[in-house]
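Let's take a walk through this structure together, one piece at a time. Have the sequence and the 3D view side by side as you read.

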Amino acid sequence: MEGRRVVELDVMAREMYCCRCNLPLHLSNTVGERLYGLASVLLIKCDNSACLATTDVHTGKRTPNGSYCINSKVAIGMTHAGMGPSHVNNFLTECNLPPISDTTLRKKEKEFSKTIHDVAMTSCREAQHQEILLSHGKIFSNNDPWVVLLQLCYGDPTTSKIATVDKNKNKLKCPKLLNFKQELTEIWNEVTG
Ligand SMILES: [Zn+2]
């Protein structure tokens, strides 16, 4: 075994026991390694001459789907630092650490981008919801989401503005407005339901 590794000491400490006879294992008895990006599985042979079993020792925590947390954390760090996979791997190589494939980094980046998007959307909806609740229902004085939309855009619209929008609302085709209308309808149903 050459080079450096990133290990989670508590995880490794728990795993350094023989899978057959339960005696403590020694790192110097490592007979092989399977690399998974920055994480690895060390194959360590038992010292006990009556056993000699080889145990798989994981160097870090895994998610429920079996992937190693360290690789996800590197992908998050990569995005925060504004780097790309090649920057990350140049850095790792200089530190004499194992590389993580570009595909893995991009895949992980895509996974948590979706999570960040979902969290942002939930937060926006929650803010919208709070605004409606704090307005003591005024924002929904008329239960038509189009009027609510007008209220959000223009503050407190006059009756004539409401009537004009009401008359022309079917002409509005903008997908963003239609989505917004759908969301308002859902919130309306939730608040009044
Ligand atoms: Zn053993």
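Helices, here runs of at least four residues that DSSP assigns as H or I, and strands, runs of at least two assigned E, are numbered from the N terminus. With that in hand, Asn-96 is easy to place: it sits in the loop between α3 (85–94) and α4 (102–134). Please keep in mind that this is a predicted model. Asn-96 has a phi near 60°, a positive value in a residue other than glycine. Is Asn-96 buried or exposed? It is exposed, because just 10 other C-beta atoms lie within 10 Å, and 12 or fewer is the cut-off for that label.

Leu-52 makes a good companion to look at next. Its phi is also a positive value near 60°, again in a residue other than glycine. You will find Leu-52 in the loop between β2 (39–45) and β3 (54–58). Leu-52 has 13 C-beta neighbours inside 10 Å, so it counts as partly exposed.

That loop leads us to the sheet. Three strands form an open sheet in the order β1-β2-β3, with antiparallel pairing. The edge strands are β1 and β3, each of which pairs on one side only. From one strand to the next, the twist averages 20°. In general, strands of a sheet pair through backbone hydrogen bonds, either parallel or antiparallel. Between β2 and β3, which run antiparallel, there are 5 bridges. To see one bridge pair, look for Leu-43 and its partner in β3, Asp-56.

Now turn to helix α2, residues 69–80. Its 12 residues should span 16 Å at 1.5 Å a residue, and the end C-alpha atoms are 17 Å apart, which agrees. The buried residues of α2 are Ile-70, Asn-71, Val-74, Ala-75 and Met-78. Why do they share a side of α2? They cover an arc of only 145° around the axis, and therefore lie on the same side of the helix. The face turned away from that buried side carries the exposed residues Gly-77 and His-80. Just after α2 comes Gly-82, with a positive phi of about 70°.

One last stop ties some of these regions together. Gly-37 lies in the loop between β1 (30–36) and β2, and it is buried, because 23 other C-beta atoms lie within 10 Å. Gly-37 and Asn-71 are 34 residues apart in sequence, yet 6.4 Å apart in space, C-alpha to C-alpha. Leaving aside residues up to four places away in sequence, Gly-37 touches Tyr-68, Asn-71, Pro-98, Ile-100 and Thr-104.

Methods
Residues are numbered from 1 along each chain as its sequence is written. This is a predicted model: local features need pLDDT of at least 70, side-chain atom pairs count only at pLDDT 80 or more; totals for chains, interfaces and linings use all residues. A residue is buried if 20 or more other C-beta atoms lie within 10 Å of its own, exposed if 12 or fewer, and partly exposed in between; C-beta atoms are placed from the backbone. The expected span of a helix is 1.5 Å times one less than its number of residues. The arc is that of the directions from the helix axis to the C-beta atoms. Two residues are in contact if their C-beta atoms, placed from the backbone, lie within 7 Å. Two strands pair if DSSP finds at least two bridges between them. Axes are lines fitted to C-alpha atoms, for helices over the stretch in contact, and angles run from 0 to 180 degrees between N-to-C directions.
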